[in-house]
Amino acid sequence: MGADIKIKTATITMSHGAGGKAMHKLIDEIMLSAFNSYSNGLVEQEDQARVDLAELQLMGNKLAFTTDSYVVDPLFFPGGDIGKLAVTGTINDLAVGGAKPLYLSCGFILEEGLPIDTLKKVVDSMQETASKAGVKIVTGDTKVVPKGACDKIFINTSGIGVISAKVNIQANRAESDDVVIVNGYVGDHGAAIVDARGELALDIDIQTDCEALHELVASMLSVCPDIHCMRDATRGGLITVLNEFAAASGCNIEVEESSIPVRDEVRGVCEILGLDPLYLANEGKLVAVIPNQYAQAVLEAMQTLPCGQHASVIGKVVASERSQVILNTRFGTRRIADVLVGDQLPRIC
């Protein structure tokens with residue numbers, strides 16, 4: 001964890017982004033005191049992280065590189081916060097491509113007036129999450145904008161990982177008779193954010209599913225090295241990911257609604273608000289399309305880990321001239337499940 005705060009002001013000021021002593025003190029006492037406890041990449045404080053290419057080549061032959069920005073409101077919610085979200089979200093973007101996540105960058109946009117203690121809690125959460133995942137935060141940047149120019153704190157994280165030569169996971173590889181697997185309950189994150197915003201007097205106990213999934217992916221690849229498609233179901237939820245697979249692969253994907261794990265509490269929140277849990281954002285759920293013959297082995301491998309305990313087969317790929325997702329509903333009907341025009345819940349991640 002970071003050292004005790006020695007910064008004299010209780011809130012972020014414009015001087016903390018001006019490049020002078022105040023900025024260096026903020027970086028030294030908040031960011032470096034946390035991240036340097038487990039990462040050597042920040043010690044030299046150069047303008048770039050330097051990575052040993054020979055070490056990377058021992059792990060694979062393809063470099064995976066991703067970036068994402070996080071503007072979630074509120075900053076803290078049941079089971080997580082914007083810092084944990086920023087680290088796990090970028091780790092998962094690497095993992096679902098079959099990459100071993102290694103290094104992260106972090107860029108902070110801070111609003112003038114943000115409490116220093118809030119920033120410290122977010123940074124400490126990032127450090128704890130990255131350390132637990134075995135990933136290093138090796139470079140970063142901090143900017144301060146005038147009050148009202150952003151909402152408290154925005155974070156950008158970029159990630160680098162390495163993909164083995166044997167792995168070829170792509171959205172256009174779904175084939176007829178493949179099966180679709182999800183690793184657990186969907187919609188938890190979206191419902192947790194709704195609860196945390198406090199706009200409704202709901203008496204529910206739902207926590208975000210915010211979690212790094214790289215170990216789960218590794219366990220899946222250990223029994224099925226030829227996973228065809230895989231993505232994490234963040235904004236737009238499960239149905240959006242399935243539509244992306246169907247469009248890229250030129251196929252139909254049929255999904256059994258009764259097989260999709262949804263908590264009763266999440267379903268209840270959605271019924272009250274007129275939302276669909278299959279479109280709610282997740283931050284610890286992946287959707288995979290795999291050859292049918294590997295289904296049982298993959299499920300068993302996933303279910304050995306807590307984040308895969310409720311993994312289940314929810315559908316199959318069907319050859320078709322049209323690219324669409326068909327939902328076989330709990331009521332015995334069939335309907336096309338298309339991508340939504342907008343987002344059910346803005347600023348969810």
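## Two helices that cross

Let's start with a pair of helices. The axes of helices H3 and H4 come within 7 Å of each other, and they cross at roughly 35°. This crossing is right-handed. Keep in mind as you look around that the model is predicted.

Which residues make the contact between H3 and H4? On the H3 side they are Ile-82, Gly-83, Lys-84, Val-87, Thr-88 and Ile-91, while H4 brings Val-122, Ser-125, Met-126, Thr-129, Ala-130 and Ala-133. Sorted by class, the residues of this contact are seven nonpolar, four polar and one charged. To find the helices in the sequence, look for residues 82-95 for H3 and 116-133 for H4.

## A pocket lined by helices

H3 and H4 appear again in the second largest pocket, where H3, H4 and H6 each supply at least two residues of the lining. The pocket holds about 410 Å³ of space. Which helix gives the most to its lining? That is H4, with five residues.

The lining has 16 residues, and those closest to the pocket's centre are Thr-129, Lys-132, Ala-133, Glu-211 and Ala-212. Thr-129 and Ala-133 are also part of the contact of H4 with H3. By class, the pocket lining is made of seven nonpolar, four polar and five charged residues.

## The sheet of four strands

Now for the sheets. A helpful piece of background is that strands of a sheet pair through backbone hydrogen bonds, either parallel or antiparallel. One open sheet here has four strands in the order S1-S6-S4-S5, and its pairing is mixed. Strands S1 (62-70) and S5 (136-145) are at the edges; each has a single partner strand, so one side of each is left without a neighbour in the sheet. From one strand to the next, the twist averages 15°.

In the middle of that order, S4 (residues 99-111) and S6 (residues 153-163) pair in the antiparallel sense over eleven bridges. You can trace one of these pairings yourself: Ile-109 has Phe-154 in S6 as its bridge partner.

## The sheet of seven strands

Another open sheet has seven strands, ordered S8-S10-S7-S11-S9-S12-S13, again with mixed pairing. Its edge strands are S8 (229-232) and S13 (334-336), each of which pairs on one side only. Neighbouring strands in this sheet are turned by 25° against each other on average, direction ignored.

Within this sheet, S7 (residues 179-182) and S10 (residues 286-290) pair in the antiparallel sense over four bridges. What is the bridge partner of Val-179 in S10? It is Ile-290. Helices pack here too: H9 (residues 295-302) touches S7, S10 and S11 (312-318), and its direction makes about 5° with that of S7. Helix H6 (residues 214-223) lies across S8 and S10, running at about 10° to S10. H6 is also one of the helices that supply residues to the lining of the second largest pocket.

## A cavity

How many cavities of 30 Å³ or more does a search of the whole structure find? The search finds one. The volume of the largest cavity is about 50 Å³.

The residues lining the largest cavity are Arg-235, Gly-236, Tyr-279, Leu-280, Ala-281, Asp-343, Gln-344, Leu-345 and Ile-348. Five of the lining residues are nonpolar, two are polar and two are charged.

Terms used: Residues numbered from 1 in each chain as written. Predicted model: local features only at pLDDT ≥ 70, side-chain atom pairs only at ≥ 80, totals over all residues. Heavy atoms only, no water. Pairing = 2+ DSSP bridges. Axes fitted to C-alpha atoms, helices over the stretch in contact; angles between N-to-C directions. Contact = heavy atoms within 4.5 Å. 1 Å grid on protein atoms, 1.4 Å probe; cavity = no way out; pocket = protein on both sides within 12 Å on 5 of 7 lines; lining within 4 Å. Points joined across faces, edges and corners; volume = space filled by probe spheres on them. Nonpolar A, V, L, I, M, F, W, Y, C, P; charged D, E, K, R; others polar. Left-handed = near helix turned anticlockwise from the far one by under 90°.
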